[in-house]
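Biologist: Please take a close look at a single part of this model, and then set that part in the context of the chains around it. I would like the terms spelled out as you go.

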Amino acid sequence: MTSNAFLLEERIPAGCHHALLLKRGYALRLTDLSGDGNVGLLAFNADERSERYNMADTLKAQHTHKLTLGNVLYSDMGRPLLSIMGDSFGWHDTICGTTNAAMIEATYGLNDFQLTRNGYYRNGRDGFLMELGRWGLGRRDLVPNANFFSTVAVDNEGNIALSEASYQPGAWVELRAELNVLVILSTAPHPLREGPAYPEGDIEAGVFWAGEVPASDICRTACGENQRGFENAEAWFALPDGGPRA
Amino acid sequence: MSTLLRQETIRAGDPFMARIDAGQRVRLVDTEGNEAIDTFFFNAEDPRERYSAVDTVRRQRNVYLTTGTELVSNEDRAMLTIVDDTCGRHDTLGGACASESNTVRYAHDRKFMHSCRDNFLLALLNWNEDFSKRDLGPNINFFMNVPLSADGGLRFEDGISGPGKYVELVAHMDVLILISNCPQLNNPCSGFNPTPVEFLLWDA
C-alpha cells in the first residue's frame, strides 16, 4: 500500500486523539513515523455501539497476549471488528491500558495548558473520553484499549516491562474492518514508557479499500476460532440493510 | 475481634451480588477445588467507577493477582487489597465466558449453554436497571490458572487451586461485588465440573 493511494489521510501528533468510521472492507494503515510513538485504540460496532473491542475475548480466542499479523480484534459479541492484515512491527501490547493526567505528570513533569498552551502534555484517558463523547459514548465505554507500536514482555513470574523492540521508526500496521467500525485513537504515550522527555513525532493514519475477504485470508484461516468468528461477522450482514440481525 | 456479618453458599453456575462497605473483609472459598469465581467490582456510590484489569496489572507491573495486590479502578484508585491467599495466583486477563465467545472458542452449537456473562447481566439488572452490558469490563477469575508465556502466548490450564483454598480481600471504599460462579463446561477452568463456593463477610 503506497501512501498516495490513501482515500483519507491524517497525521496525528503525539498525545492527541482522533476517530474515524471505517466501513466493512476498508482498512486503516497506521505508521509510527518517529519510532517513539504509541497508538491506543478502541473499536466499536458502528451499527450497534454497545458492541465493542474486548481485550479478554481477543486474547483467549487466539491464545495470545500480543497482537500481530493474522490476529483479529474481537468484540464482546463474538465477531472480529478489525483484522491485522499487515504488520511490520511484530508485537503490539494488549494488557496495559492507557495513561491519565496524574501518571503523565509523574513521568514527564507538570506541563499543562496554563504553561505551554497547546504544547501541553496530553494523556490517554482524557483523550479517549473527549473522543468518545463526540459519538454519544462515555466512561462506561472506556474499556481496556490495544496499544499499537508498544511491545510489553512478560517473564515467567508474570512481571511486565516495555521492550526496547518498541522503537521502530517507520513501523506500520494495517487493520481491516470486518464490521462497520468506529475507531477511536489516542496517541498518548504508553503507560510503561519512561520519562523525562514526552514523545514527539506524528502517527500517520491512512485509509484504503481492502476489498472482500478471500477464503484463504491469513486472519480468517489463522485458527478454527477465527473461522467461526468470521462466520459470525458474515451472519451480521446476512440480510440486506434493514433486515434482522443477531 | 471481628464479627461475621454474612455467609452464603453460591451454588454451581449461580450469580451473586452484594454490597461491601469500606473496611469490611470478604473471603471467597473454593470449597471443592478448581472452581473459577468470575468477580467484578463497582464503586457503590458511583458505579461508573469499576474494577480495571489493565490498571491493576499496570500498577503492580505483574499480570497475576495474589496477596498484596491492590485491585485498581478505572479511575486509578485502590478499591480493595488481597490480604490473604492460600491458592497463590489468580487471573485477570481471561475475562468471562459468554454465549457469543463460546461460539468462537468451541463451536456454534455452544451458544445456548449457560455462561458467566448471562449471570453478570441477570445479577446487575436485578440489582438496578440502570446497569447494562456497557458497565462490564474484564473481570477477575479467582482460582483460575491462565499462564502467559514469554513468547506472547496465553493458555487456560488445569487449576492450581484445591478444596478449601480461599482468598481474602479488604475494601477501601464502599463497593458492589458481582460474582458468577462459573458454569463453563468446555475448558478446565472449573475442572469440567462446576461446584459451589462460599462467600463470607466480616466487619473488619
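**A loop residue in chain B and its setting**

Modeller: Phe192(B) lies in the loop that runs between strand S9 (175–181) and strand S10 (197–202) of chain B, where helices (DSSP runs of H or I, at least four residues) and strands (DSSP runs of E, at least two) are numbered from the N terminus. This is a predicted model, in which local features need pLDDT of at least 70 and side-chain atom pairs count only at pLDDT 80 or more, while totals for chains, interfaces and linings use all residues. Residues are numbered from 1 along each chain as its sequence is written, chains are lettered from A and ligands numbered from 1 in the order in which they are written, and side-chain values use heavy atoms, with hydrogens and water left out.

The backbone at Phe192(B) has a phi near 60°, a positive value in a residue other than glycine. Most residues other than glycine have a negative phi, and most peptide bonds are trans. With a relative accessible area of 46%, Phe192(B) is partly exposed, because that class lies between buried, under 20% relative accessible area, and exposed, over 50%, with a 1.4 Å probe and protein chains only.

Chain A has a residue to set beside it: Arg117(A), with a positive phi near 50°, is found in the loop between helix H3 (113–116) and helix H4 (124–134) of chain A. Arg117(A) counts as partly exposed, at 48% relative accessibility. Elsewhere in chain A, a cis peptide bond with omega of about 5° joins Gly195(A) and Pro196(A), and Pro196(A) has its place in the loop between strand S13 (181–186) and strand S14 (203–209).

Returning to chain B, its elements run β-β-β-β-α-β-β-α-α-β-β-β-β from the N terminus on, which amounts to three helices and ten strands. Its radius of gyration is 16 Å, close to the 17 Å that the globule rule gives for 204 residues, so chain B is as compact as a globular protein of that length; the radius is taken over C-alpha atoms, and the rule is 2.2 Å times the number of residues to the power 0.38. Taken along the principal axes, the C-alpha atoms of chain B fill a box of roughly 50 × 40 × 30 Å, and 61% of its 204 residues count as buried. Among its contacts (heavy atoms within 4.5 Å) between residues at least 6 apart in sequence, 74% join residues at least 24 apart.

Another loop of chain B, between strand S7 (140–142) and strand S8 (165–171), holds Ser149(B), which counts as partly exposed at 27% relative accessibility. Leaving aside neighbours within four places in sequence, Ser149(B) is in contact with His65(A) and Val154(A). From Ser149(B) to Ser52(B) the separation is 97 residues in sequence and 22 Å in space, C-alpha to C-alpha.

That leads to the contact between the chains, which takes 47 residues from chain A and 44 residues from chain B. The area buried between them is about 3,900 Å², of which carbon and sulfur atoms give 52%; buried area here is the accessible area (1.4 Å probe) that two parts lose on being put together, summed over both. On the side of chain B, Val54(B), Val104(B) and Arg134(B) lose the most area to chain A, together 18% of what that side buries.

On the other side of the pair, chain A has five helices and 14 strands. Its radius of gyration of 18 Å agrees with the value near 18 Å for a compact globule of 246 residues, and 58% of those residues count as buried. Helix H1 (residues 55–62) of chain A is largely enclosed by the rest of the structure, because eight of its eight residues are buried; Met55(A), Asp57(A) and Lys60(A) are among them. The cover over the buried residues of H1(A) includes strand S5 (66–67), strand S6 (72–74) and helix H5 (224–236) of chain A, together with helix H1 (53–60) and helix H2 (99–105) of chain B.
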